[in-house]
Amino acid sequence: MSDTNRQWLLKARPSGMISEDIFERKDSAMPEPDLAAGEALVKTLMLGFDASQRVWMEEADSYMPAVELGDVMRATGVGQVIASENEDLPTGTLVQGLVGWQDYCIASPDSPFPFNVLPPGTPPNLALSVFGVTSLTGYFGMLHVGELKEGDTVLVSGAAGATGSVAAQIARIKGCKVVGIAGGAEKCQWLVDTCKLDAAIDYKNEDLDTRLTELCPDGVDLFFDNVGGDMLETTIAHMAMHGRIVLCGAIASYNDAEARPGPRNINRLIMQRIKMQGFIVIDYLQHAAEAMAALADWVTTGQIAWQEDVQEDFEAIPATLQRLYEGRNQGKQLLRLADPE
């Protein structure tokens, strides 16, 4: 065990696209091994990267408090307990929680987001990808928020990403016609060949409006949107009567220096009696056991495919986050720091 705790701190608020220079690398002393009752010392093994991290860097609080300047950058991850005064987090176990961009952290019983012990034998990468919060987001967004029904025509933006791909495949499993939107021929081919979607639209090389007219002639019953921006506006024009729009993310605008105007055709929601609702996964965690049981069944029976983009090296952490906003990741974006002992 090292005496040094490598950390990446948030040095400045981002303006427009994030850059590596808003973070500062710092080496701190290891957290004190003299733990208080209920605490555990956790060594970070693997980090997960999510588009919502951009929101956490803003000055204003959102559904979570803003990351303060000078603080360790917040991030989910998997770690191993190396010392413990908490019988629920015994030494040697693998845990999942907000580890941050650092080698070591203290799991505190007072945290509003407590660490969870991984089921025995669960690899860190799977805990953060197909069995992670992104898959739970896809599950709750489709079934609880979107009220998915058999026979629906379903459209998913960001469909090759960690959340979108699971959401789209849940719709396919439930007997829906599913069209995914992704950037690039390789991602679209994966959606059709491996995820077994009915069709995929390459927004970088195809006209979305034209393709939606061809693929969804009777309109879209349920749109699971991870992107927002112009893609949302275009899809609103293709929604069926009494359609539902689930707002999961808005990655197209997270890095805008100034807020862009909303959809210009928002009045179509009235004419078509469309319901549009945003949601945050933490609002549905009381149903996590139900979701995990379903996901485990679909994964083990081969009904859900997934991809992981695993980077390496502590120094590469800021650049790995940028991969998300540049669309360079293939599936869930991860970074490995160490293997379990």
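**Exercise 1. Helix H4**

Task: In this predicted model, determine how many of the 12 residues of helix H4 are buried, and find how the span of the helix compares with the expected one.

Solution. Begin with the cover: 11 of the 12 residues of H4 are buried, so that the helix is mostly covered, where buried means under 20% relative accessible area. The buried residues are Ala 162, Thr 163, Gly 164, Ser 165, Val 166, Ala 167, Ala 168, Gln 169, Ile 170, Ala 171 and Arg 172. Next take the length: H4 covers residues 162-173, and at 1.5 Å a residue it should span 16 Å, while its end C-alpha atoms lie 17 Å apart, which agrees. Finally, look at what follows the helix: just after H4, Gly 175 adopts a positive phi of about 85 degrees.

**Exercise 2. The cavity**

Task: Establish how many cavities of 30 Å³ or more the count gives, and which element gives the most to the lining of the largest cavity.

Solution. The count comes to 1 cavity of 30 Å³ or more, and the volume of the largest cavity is about 60 Å³. Of the 13 residues that line the largest cavity, those closest to its centre are Ala 162, Ser 165, Trp 306, Gln 307 and Lys 332. The element that gives the most to this lining is H4, with 3 residues. Ala 162 and Ser 165 also appear among the buried residues of H4.

**Exercise 3. Salt bridges**

Task: Locate the partners of Arg 25 and Arg 323 in salt bridges, and state for each pair which parts of the chain it links.

Solution. Side chains of opposite charge can pair when their charged atoms come close. Across the whole structure, the search finds 16 salt bridges. One of them joins Arg 25 to Glu 315, with the closest N and O atoms 2.1 Å apart. This pair links distant parts of the chain, for Arg 25 belongs to strand S2 (residues 23-29), whereas Glu 315 sits in the loop between strand S14 (308-312) and helix H10 (317-325), 290 residues apart. Arg 25 counts as partly exposed because its relative accessibility is 28%, and Glu 315 counts as partly exposed because its value is 38%.

Arg 323, for its part, meets Asp 309 in a salt bridge at 2.7 Å, N to O. Because Arg 323 lies in helix H10 and Asp 309 in strand S14, this pair ties together parts that are 14 residues apart in sequence. Both Arg 323 and Asp 309 are buried.

A further salt bridge, also listed at 2.7 Å from N to O, is formed by the side chains of Glu 326 and Arg 328. Glu 326 is partly exposed at 38% relative accessible area, and Arg 328 is partly exposed at 42%. Salt bridges with shared partners, in turn, join Arg 25, Asp 27 and Glu 315 into one network.

**Exercise 4. Positive phi outside glycine**

Task: For Glu 147 and Arg 273, decide whether each is exposed or partly exposed, and place each in its loop.

Solution. Most residues other than glycine have a negative phi. Glu 147, although not a glycine, has a positive phi of about 50 degrees. Glu 147 lies in the loop between helix H3 (133-145) and strand S8 (153-156), and its relative accessibility of 42% makes it partly exposed. Arg 273, likewise not a glycine, has a positive phi of about 55 degrees. Arg 273 is placed in the loop between helix H8 (268-271) and strand S13 (275-278), and at 51% relative accessibility Arg 273 counts as exposed, the cut-off being over 50%.

Conventions: Residues numbered from 1 in each chain as written. Predicted model: local features only at pLDDT ≥ 70, side-chain atom pairs only at ≥ 80, totals over all residues. Heavy atoms only, no water. Salt bridge = Lys/Arg side-chain N within 4 Å of Asp/Glu carboxyl O. Helix = DSSP H or I, 4+ residues; strand = E, 2+ residues; numbered from the N terminus. Buried < 20%, exposed > 50% of the residue type's maximum accessible area, 1.4 Å probe, protein only. Expected span 1.5 Å × (residues − 1). 1 Å grid on protein atoms, 1.4 Å probe; cavity = no way out; pocket = protein on both sides within 12 Å on 5 of 7 lines; lining within 4 Å. Points joined across faces, edges and corners; volume = space filled by probe spheres on them.
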